[in-house]
Amino acid sequence: MEYNFRDIEKKWQKEWTDTKAYQVSNNSTKPKYYVLDMFPYPSGAGLHVGHPLGYIASDIVSRFKRLKGFNVLHPMGYDAFGLPAEQYALEHGVHPAKSTAQNIDNFRKQLDNIGFSYDWDREVRTCDADYYQWTQWIFLQLFNSFYDRNQQKAVSIQELIKSFEQEGNIKHVCPGNPTLQFTAAAWKAFSEKEQQDILMDYRLAFCGYGEVNWCEALGTVLANDEVVNGVSERGGHPVVKKKLRQWYLRITEYADRLLSGLDTIEFSEAMKEMQTNWIGKSSGAEISFKLQAAGYKQEQSSLQPEASSLELLVYTTRPDTIFGVDFMVVAPEHELIEKITTAEQKEAVDAYITYVKSRSDRERQAEKKITGCFTGAYAINPFDGREIPVWISEYVLAGYGTGAIMAVPCGDERDFKFAKHFNIPITNIIGDAFDGTDANATKDAVLSNSGFLNGTKMRDAIEVVITKLEEMGIGKRKVNYKMRDAAFSRQRYWGEPFPIVWQDGIAYPLDEKELPLLLPDVESYGPGPDGEGPLANLNDWKNTTYKGKPAVRETNTMPGYAGSSWYFLRYMDPNNEQTFCEKKVSDYWNQVDLYIGGTEHAVGHLLYSRMWTKALYDLGYIGFDEPFRKLLNQGMIQGSSRFVYRKKGTQTFISSSLKQGVEVDELHVDVNIVDGVELDIEAFKKWRNGEYANAEFILEEGKYICGVEVEKMSKSKFNTVNPDTLVEKFGADTFRMYEMFLGPVDQSKPWDTKGIEGVHRFLKKLWRLFFDENKGKIWTDEQPTAGELKVLHRTIKKIDDDTERYSFNTAVSSFMICVNELSDLNCHKKQILQDVLILLTPYAPHIAAELWKQLGNEGSVLDASFPVFNASYVTETSKEYPISINGKTRTNISIALDATEEQVKEIVLANELVQKWMEGKPLKKLIFVKGKMINVVI
RNA sequence: GCCCUGGUGGUGGAACUGGUAGACACGCAGGACUUAAAAUCCUGUUCGCCGAAAAAGCGAGUGCGGGUUCGAUUCCCGCCUGGGGCACCA
């Protein structure tokens, strides 16, 4: 009997579907385990071999935990709203709902092929109304809450209103407008509009104004990756920054908890570092500098009360360097620029601002060329009265700190280069620590040229200066975050509509009973007027009433991360019509025990979902405030592209190593018609509907050899490999094991199909332990030998350990070693083989199930119990010690493991080879690491 | 530019906490079985030197240059280089 994987896999997949083998109950006495994959976006291109890497890993863990007696939740669904479907609709007129559903069907078929253990009864799609109803509901909870800094948690906005009515906002600093202060009486006297505007500055989901990529020619807002080098990707039209009304989530209020929460979860150090850096907490001081218009000496400034009443507020982490400030730099968006620019500089400043408007934040920061423009204005150093020129430069971003910095060229590299470039004199405040050719960012130098700070260590001066600034009333201690509030609206169609109506400039939330607010159909997916999204074109939908008076609906939609910020909760209770997830159920499943996905979500999705979880926890809807207990990052599978070389202007293709000196076009060729690097010429001639049917070839040794390059896997590079074809050719079990065998799951690597046969051979070899081509069944009920038990138990230990630490590639190797050794031992004993099958079930479930059944077992191997390791079968009494002379291994000596150091020394020094290498020199030292090695030092 | 991460034979990778570098595979070479092929099995395979070959031996070797250590793929410093992210792709 042969290993007929196609029949076996089909049979068991049907069996498992029919018996609902993967259905999970919310009621179980078993301990729970929740394994989750990051939501896929169902793109039209379908799955390529890169996608299932993480899914296979999570499937192995799920099945492994099940064998170990856990009730395992392992769901899958689709992050189905998004830009590509809308773009496709724009180009082809197909409704996004339709193309999305088709893509999902396609994804599902491909996933089913691989034999995953998902409980499909729990599938969710973010674009389904019974899902996004709850996304809208959570939005309303955020809208109706504020962050109470005293309690450090989200609280209902009703509590805030009560507080305002009793004591004004004295207890609650306004996060959207920190200088705002009012009394209870003032609050009561405000109009409704005024009250609502104030509340908006407190809400966790709030409306404000923000800059977007605006393309006048297309009349629409563009996503960052639709903008290339300052022009639109489609059409190449100019793109500028434009301010539009936007919704935001006040994630900055959670900054500290998002930071401290990292200590309670198992993310990689790299991931925690990235999130920490993104949040970017720093402490320093805000300092207010008096400004003086150009051309006026200090004594004259009193004649210019207007100019000198203006102040420039900067944020710095290094107030100790205040005597080293040689110039100021403000962001080109800074509102003071208009007021302080002198007539002589006006033209230059305007030109510079126009230039900056066309550039993205990324370009601005990455720019190596130093650019900037002097405003003509001067700030006054409050300690020594020095005049400090105020410059504008793109490297200062409006959104960070106060949008203005004090530049200290002797201590900051970028300031230093700026000063050199514009010939601004540099003041040295750190003596020898500054060499005049490079800035030195030390905190340990002793200050000089620094007035009252002279002789103070910089590190200590920070406190001294802050205290002084506070005494003088011109500055204060300040904690700052790089993180900004999260933009939460898109001028797009294919997303969740906001459950908000506008009346008289006030945003009113819909009643929860009115949810879901359905996404209406539109005729065209093009932009609405004034930068609004497509929904703005639907007058019938847009115009509505609120409390009997005319009102308009919010026409923005929510961004992609809305639905994906809480989906892990919906899986727990996917069909609940009363609530997003019953508390009792989320108490049982609790946190996701293992979350698997790529590092590309490090700071976006992972921070947003952490914030939503904290807010839902604060409001009492769930009982934990971190969604993911443990995160495993999967590496990206890259494509390994193949190239053919066409002699310019001909149909002649030249083999890779013969192309030197010939002018050729380098063309991507489909990797699926290349065997290793050898082109399948016949397949090539048929490729692309026979475009190359008449091609001629210049071969080397009778073969056409292709060029190779590692790139992102993408359809346009013809380097995608579809899992379907591999499953068809080798089977799902082989495919699963090969993906794992490729290397550590968390490392990026190029895909190469070449090695898959080795894994396939392994499964065939395993099969031959059970069946012989001629004799059929060959397993026996004989008692295993000590040698066979040793192989088995070594494997149990290795598979258990490796799976537990997600080292799936080494686990696959261990299976190979185990089968190789059992084959060498001619072992066909049921007692041994049966346990091997259980070990293998998470990795290759189909073949394991088939052989398990063949052995005559009742019940499913999915619910077998994981073999228990018995150390007594594998204990050794002696060890082949490597013997090094001065660190170089020269020989091996077998020594009993319980030998004492004295005995070991005697044995080693008596050895002939050791003596030869010692060349009669005296022994300096003998290093003996028990069970590891011995080093003779002479 | 900033943050994170990787670099080991012809190839994917192994070496888990500083202790025999190259497990396990792919590929390649040689052989067995076969009329032949497929499948399967066996042997060899880091590089260089020595040698007819085999065996044995010697030297070098984990991106590059330094350092710490009896001992470094592993720790430290500097550099080169591939990948991911940088707030509207998901």
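**Note on the RNA-facing surface, a pocket and a sheet**

1. Helix α27, spanning residues 808-824, supplies 6 residues to the surface near RNA strand B, the largest share. The model is a predicted one, and the points below should be read with that in mind.

2. The surface around RNA strand B counts 68 residues, and those that come nearest are Asp-225, Glu-273, Arg-362, Arg-761 and Asn-820. By residue class, this surface divides into 25 nonpolar, 19 polar and 24 charged residues.

3. On the RNA side, 64% of the strand B atoms within 4 Å of the protein belong to sugar or phosphate, and the rest belong to bases. Both kinds of atom appear in the individual pairs listed next.

4. For the phosphate, the pair to check is with Glu-273: an N or O atom of the Glu-273 side chain is 2.4 Å from a phosphate oxygen of RNA strand B. Glu-273 is also listed among the residues that come nearest to the strand.

5. Two pairs involve the bases. Arg-484 takes part through its backbone, with a polar atom 3.0 Å from a base nitrogen of RNA strand B. Ser-813 takes part through its side chain, where a polar atom lies 3.5 Å from a base nitrogen of the strand.

6. The second largest pocket has a volume of about 570 Å³. Its lining comprises 21 residues, and the closest to the pocket centre are Val-671, Val-674, Asp-675, Thr-753 and Lys-754.

7. Which elements each supply at least two residues of that lining? They are the strands β24 (637-647) and β27 (674-675) and the helices α23 (723-730) and α25 (756-770). The most comes from α23, which gives 4 residues to the lining of the second largest pocket. The lining divides into 8 nonpolar, 6 polar and 7 charged residues.

8. Elsewhere, an open sheet is formed by 4 strands in the order β19-β18-β21-β20, with antiparallel pairing. Its edge strands, β19 (506-509) and β20 (543-546), each pair on one side only. On average, neighbouring strands of this sheet are turned by 45° against each other, direction ignored.

9. Within that sheet, β18 (residues 500-503) and β21 (residues 549-553) run antiparallel and are joined by 2 bridges. Where in β21 is the bridge partner of Trp-502? The partner is Val-552.

Conventions:
Residues are numbered from 1 along each chain as its sequence is written. Chains are lettered from A and ligands numbered from 1 in the order in which they are written. This is a predicted model: local features need pLDDT of at least 70, side-chain atom pairs count only at pLDDT 80 or more; totals for chains, interfaces and linings use all residues. Side-chain values use heavy atoms; hydrogens and water are left out. A residue is near a molecule or strand if one of its heavy atoms lies within 4 Å of it. A polar contact is a pair of N or O atoms within 3.5 Å; within protein, one must be able to donate a hydrogen and the other to accept it, and residues adjacent in sequence count only if both atoms are side-chain atoms. Ala, Val, Leu, Ile, Met, Phe, Trp, Tyr, Cys and Pro count as nonpolar, Asp, Glu, Lys and Arg as charged, and the others, Gly among them, as polar. On a 1 Å grid over the protein atoms alone, a cavity is a set of points where a 1.4 Å probe fits but cannot get out, and a pocket is an open set with protein on both sides within 12 Å along at least five of seven lines; lining residues have an atom within 4 Å of a point. Grid points are joined across faces, edges and corners, and a volume is the space filled by probe spheres set on the points. Two strands pair if DSSP finds at least two bridges between them. Axes are lines fitted to C-alpha atoms, for helices over the stretch in contact, and angles run from 0 to 180 degrees between N-to-C directions.
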